[in-house]
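Student: Please take a close look at one part of this model for me: a charged side chain and its salt bridges. Then work outward to the surrounding elements.

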Amino acid sequence: EWSFMPHSEGSLVAALTSAMLLFSRGYQTSTGLALKQYMILLALTSSGKDIITKGPNEMLARIGVPSADKMWRGKPRSEQGLFRILSETPRMVSYLGECGRFMRDMCDEKGPSFDQNLREALTTAWSASDDNGCMSPSEKSEASKLGVIHRPCITMLGDSQPSTFYGMIDS
């Protein structure tokens, strides 16, 4: 119903991502970290990859999950944007269309400084998801007025064509 072509692998990725969203802060690993993942669906163009975004969004809305629209977000664009989103709800799924390109840009040492700042903010968010973890924005950012985020939990969900994704890994 939510995809032009049925895609069983995409449905599995969507279901696991939805579970991570719902239970990410309620459960933790043996080391005390909250559940967080990178979920990436590799498939060719026009193969039904859209199931990973359309299905969970619709399902969460139908079962009445409060603030589901705030927890299911797009790609963070900056450190300030990430912090603003996490200040609204400390758990989120960030959807990255064509994540191979996003990851390539994030790992480019010669890339723009905002990509470097976002990469550092994402790293901080993942390492601050334990029981005592807090995430604070850099002092120079406008997000510093929002305060501290306690135990943020981000699941990154992405799709990509295999050639783009593996090309990023090889570089």
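Tutor: Start with R73. This is a predicted model, and in it R73 has a relative accessibility of 17%. The cut-off for buried is under 20%, so R73 counts as buried.

What does R73 pair with? R73 forms a salt bridge with E88. The closest N and O atoms are 2.5 Å apart. R73 lies in strand β2 (residues 72-73), whereas E88 lies in helix α4. The pair therefore ties together parts that are 15 residues apart in sequence. The partner, E88, is at 40% relative accessibility and counts as partly exposed. So here a buried arginine meets a partly exposed glutamate.

E88 has a second partner. Its side chain also meets that of R84 in a salt bridge, at 3.4 Å from N to O. E88 and R84 are four residues apart in helix α4, so about one helical turn separates them. R84 is partly exposed, at 40% relative accessibility. Put the two bridges together and R73, R84 and E88 are linked in a network.

How many salt bridges are there? The count comes to three. Beyond the two above, R104 and D105 meet at 3.5 Å, N to O. R104 is partly exposed at 42% relative accessibility. D105 is partly exposed too, at 35%.

Next, what packs around α4? Helix α4 (79-88) is one of the elements that the buried residues of α6 pack against. Others are β1, α5 (99-107), β4 (134-135) and β6 (153-160). Helix α6 runs over residues 113-127, which makes 15 residues. Its first and last C-alpha atoms are 21 Å apart, close to the 21 Å expected at 1.5 Å a residue. Which residues of α6 are buried? They are D115, Q116, L118, A121, L122, A125 and W126.

Follow that packing to β1. Side chains alternate along the strand. M39 and L41 point to one face and are buried. Y38, I40 and L42 point to the other face and are not buried. Strand β1 pairs with β6 in the parallel sense, over five bridges. Within that pairing, M39 stands opposite L157 of β6.

L41 deserves a stop of its own. It sits in β1 (residues 38-42). At 4% relative accessibility, L41 counts as buried. The C-alpha atoms of L41 and L157 are 8.2 Å apart, although their positions lie 116 residues apart along the chain. Setting aside residues up to four places away in sequence, L41 touches H7, E9, G10, V13, K49, I52, G158, D159 and S160.

Last, the cysteines. C99 is buried, with a relative accessible area of 1%. C153 is buried as well, at 1% relative accessibility. A disulfide is a covalent bond between the sulfur atoms of two cysteines. How many disulfides does the structure hold? Zero.

To recap the part you asked about: R73 is buried and bridges to E88. E88 also bridges to R84, and the three residues form a network. Helix α4, which holds E88, is one of the elements that the buried residues of α6 pack against.

Conventions. Residues numbered from 1 in each chain as written. Predicted model: local features only at pLDDT ≥ 70, side-chain atom pairs only at ≥ 80, totals over all residues. Heavy atoms only, no water. Helix = DSSP H or I, 4+ residues; strand = E, 2+ residues; numbered from the N terminus. Buried < 20%, exposed > 50% of the residue type's maximum accessible area, 1.4 Å probe, protein only. Contact = heavy atoms within 4.5 Å. Expected span 1.5 Å × (residues − 1). Disulfide = S-S within 2.5 Å. Pairing = 2+ DSSP bridges. Salt bridge = Lys/Arg side-chain N within 4 Å of Asp/Glu carboxyl O.
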